[in-house]
Amino acid sequence: DKDRAAATPVSRSVSRPAPGGMAMGTNLDGLAYWSSAMPVLDLMKSASVWLPQAEGVYDTGEAIAQDRNGWPLLPVDAAMRRYRTLLVNILHDNPAALPAERYVVLYEGHGAITAVDVDGARVLSRIDGELHVSAGRGGSLYLRIDADGEGRDPIRNIRVVRADYLPLYRAGLTFDPEFLERIKSFHALRFMDWMNSNALFAPIGGPLTDEAAIERAPQLDWADRPRPTSMRWGEGSRGVPVEAMVELANRTGAEPWFTMPVNASDDYVRGFASYVHAQLRPDLKVHVELSNEVWNWIFPQARYARARARAIFGPDGDGLEWYGMRAAQVGMIWKRAFGEAEKRGLRSGRVAMVFGTQFGWRGLEATGLETRHWRDGNGRPMHAADYFDEYAITGYYDGTMNVDDAVPIVQSWWKDEDGGYGRAIAELNERITDFNAPLYQYHAGR
């Protein structure tokens with residue numbers, strides 16, 4: 001059953017929302033050991049990073065050599081490291097984790113592996129390659145492997161599956177049926193956090209954090225994509241592989257909304273689009289966006305875009321112009337993969353290329369749509385606006401209740417019979433009428 005859960009496309013489907021039902025999409029929470037979403041059957045996919053430990057030392061802080069899938073490569077010579085064991089959080093402080101739940105731990109390789117005795121967690125039985133364990137009374141589960149075991153065949157390919165879900169996993173399925181039931185009414189699923197779009201990766205290693213490294217980040221090719229065989233799909237990883245996201249769309253009937261890596265090469269985009277074209281249900285539309293909030297300076301993609309703009313358009317190059325140009329190019333590749341017209345409006349198809357901008361920042365969108373400095377190979381002007389099918393805005397609903405000055409006002413509402421609910425709704429309604437509605441009208445005219 002080696003990782004069949006993600007590697008094998010599955011066409012079984014949950015009923016799609018009936019026509020006239022909820023025409024609403026949602027972002028999906030990123031995978032994490034504390035997230036109550038718990039979307040996947042194999043909880044190793046949402047586990048923590050490896051934590052190196054020594055006697056009396058919770059974290060030695062050492063780097064851990066890993067293979068391309070994230071499994072530790074343990075040096076035989078113990079003198080090369082301080083840590084004696086490696087800990088991984090499977091479930092921790094997770095409100096959805098059931099107390100004393102039973103799990104099956106499947107693994108390959110040789111060495112000692114056990115459930116950590118925290119809050120009553122324990123090993124129930126073991127045979128070679130398989131543990132049956134019980135989580136703690138609070139639902140938490142931690143695994144520990146011995147770093148002093150057999151170095152030439154270290155433990156790897158660990159999978160952690162709820163005991164009653166093991167038949168589903170062995171049948172090649174990826175997703176928790178309870179998760180599927182919760183999301184089945186949504187019309188579209190945006191994979192921004194699943195694709196770790198607010199991080200920037202080079203072909204090898206973890207997220208780039210150094211400013212110079214972000215600005216010089218190389219492009220990612222299709223060979224650098226997240227893999228079904230990767231140990232982790234959550235925070236700090238390269239994200240959920242396209243195989244799993246397409247499986248989820250196929251099973252729920254929701255339209256997938258992919259946020260492509262900001263430094264994806266043409267090869268990456270072509271490989272991704274070709275896979276989706278071959279494996280996605282033919283009745284489903286696809287929404288494609290380049291990264292997420294490329295205008296937002298708290299994210300590395302904004303700094304990367306500015307660096308690329310200056311390299312292409314000169315020292316005064318604007319990152320939003322580069323974003324518009326590159327997003328349009330990404331859309332062209334997707335539409336070619338689906339055999340569709342590249343320009344908007346020439347012929348409707350399944351691929352909708354998305355342009356994203358900030359809700360309250362009027363005029364920000366113009367640079368990315370007009371692309372004044374973009375020219376084709378013959379020197380003719382190119383306008384990114386001709387290649388977008390959908391226009392997405394980041395909006396906020398706060399009623400101005402999220403500022404420090406509003407604290408005493410909100411606290412005064414608590415004395416109302418309904419605890420302030422009525423006045424909070426009234427404040428939101430007024431804010432929507434006075435602030436949000438005019439901005440929606442502005443963007444609707446773009």
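So, Glu293: this residue is buried, with a relative accessible area of 16%. And keep in mind as I go that we're looking at a predicted model. Where does Glu293 sit? You'll find Glu293 in the loop between strand 12 and helix 7, the helix covering 300-313. What's odd about the backbone there is phi: Glu293 has a positive value of about 45°, although Glu293 is not a glycine.

There's another residue to put beside that, Asn157. Asn157 is also not a glycine, and its phi is positive too, near 50°. Asn157 belongs to strand 9. Is Asn157 buried or exposed? Asn157 counts as buried, because its relative accessibility is 8% and the cut-off for buried is under 20%.

Okay, staying with strand 9, let's move on to charges. How many salt bridges does a search of the whole structure find? The search turns up 17. I'll walk through three of them.

Start with Glu101 and Arg162. Their side chains meet in a salt bridge, at 3.9 Å from N to O. Glu101 is in the loop between strand 3 and strand 4, while Arg162 is in strand 9, so this pair ties together parts that are 61 residues apart in sequence. Both ends are covered up: Glu101 counts as buried at 17% relative accessibility, and Arg162 is buried with a relative accessible area of 14%. The pair also has company, since a network of salt bridges links Glu101, Arg162, Asp164 and Glu178.

Next one: Glu390 and Lys285. Here the side chains meet at 3.5 Å, N to O. Glu390 is in strand 14, residues 390-394, and Lys285 is in the loop between helix 6 and strand 12, so the bridge ties together parts that are 105 residues apart in sequence. How covered are they? Glu390 counts as partly exposed at 22% relative accessibility, and Lys285 is partly exposed as well, with a relative accessible area of 31%.

The third is Asp416 with Arg423, a salt bridge at 2.8 Å, again N to O. Asp416 is partly exposed, with a relative accessible area of 25%. Arg423 counts as partly exposed too, at 38% relative accessibility.

Arg423 falls within the stretch of helix 11, which spans residues 421-444, and that helix brings me to the surface. Ile432 has its place in helix 11. Together with Tyr397 and Tyr440, Ile432 forms a nonpolar patch on the surface, with about 280 Å² of accessible area between the three of them. On its own, Ile432 counts as partly exposed, at 31% relative accessibility.

Now from the outside to the inside. The largest nonpolar core has 69 residues. Which of them touch the most other members? That would be Trp194, Leu248, Phe258, Met260, Phe272, Val276 and Trp334. As for who supplies the residues, helix 8, residues 319-337, gives the most to this core, with ten.

Let me zoom in on Phe272. If you leave aside neighbours within four places in sequence, Phe272 is in contact with Met195, Trp222, Val242, Met245, Phe258, Met260 and Trp334. Apart from this core lies another one, of 30 residues, including Ala97, Tyr103, Ile145 and Ile155.

Just past helix 8, have a look at Gly339. Gly339 lies in the loop between helix 8 and strand 13, the strand at 351-358. Buried or exposed? Gly339 is exposed, because its relative accessible area is 56% and exposed means over 50%. The C-alpha atoms of Gly339 and His277 are 9.6 Å from each other, with their positions 62 residues apart along the chain.

Last stop, the strands. Strand 8, residues 141-146, runs antiparallel to strand 3, residues 85-91, and six bridges join the two. One spot to click on is Leu87, whose bridge partner in strand 8 is Arg144. Strand 8 also pairs with strand 5, residues 113-115, in the antiparallel sense and over three bridges. Which residue in strand 8 is the bridge partner of Thr114? Arg144. So if you want one residue to anchor your view of this region, try Arg144, with Leu87 as a bridge partner and Thr114 as a bridge partner too.

Note on methods:
Residues are numbered from 1 along each chain as its sequence is written. This is a predicted model: local features need pLDDT of at least 70, side-chain atom pairs count only at pLDDT 80 or more; totals for chains, interfaces and linings use all residues. Side-chain values use heavy atoms; hydrogens and water are left out. Two strands pair if DSSP finds at least two bridges between them. Helices (H or I, at least four residues) and strands (E, at least two) are DSSP runs, numbered from the N terminus. A nonpolar core is a set of buried Ala, Val, Leu, Ile, Met, Phe, Trp, Tyr and Cys residues joined through side-chain atoms within 4.5 Å. Buried means under 20% relative accessible area, exposed over 50%, partly exposed in between (1.4 Å probe, protein chains only). Contact means heavy atoms within 4.5 Å. Patches are made of residues with over 30% relative accessible area and no salt bridge: like charges are joined within 9 Å, nonpolar side chains (Val, Leu, Ile, Met, Phe, Trp, Tyr) within 5 Å. Accessible areas come from the Shrake-Rupley method with a 1.4 Å probe; for residues, only the protein chains shown count as cover. A salt bridge is a side-chain nitrogen of Lys or Arg within 4 Å of a carboxyl oxygen of Asp or Glu.
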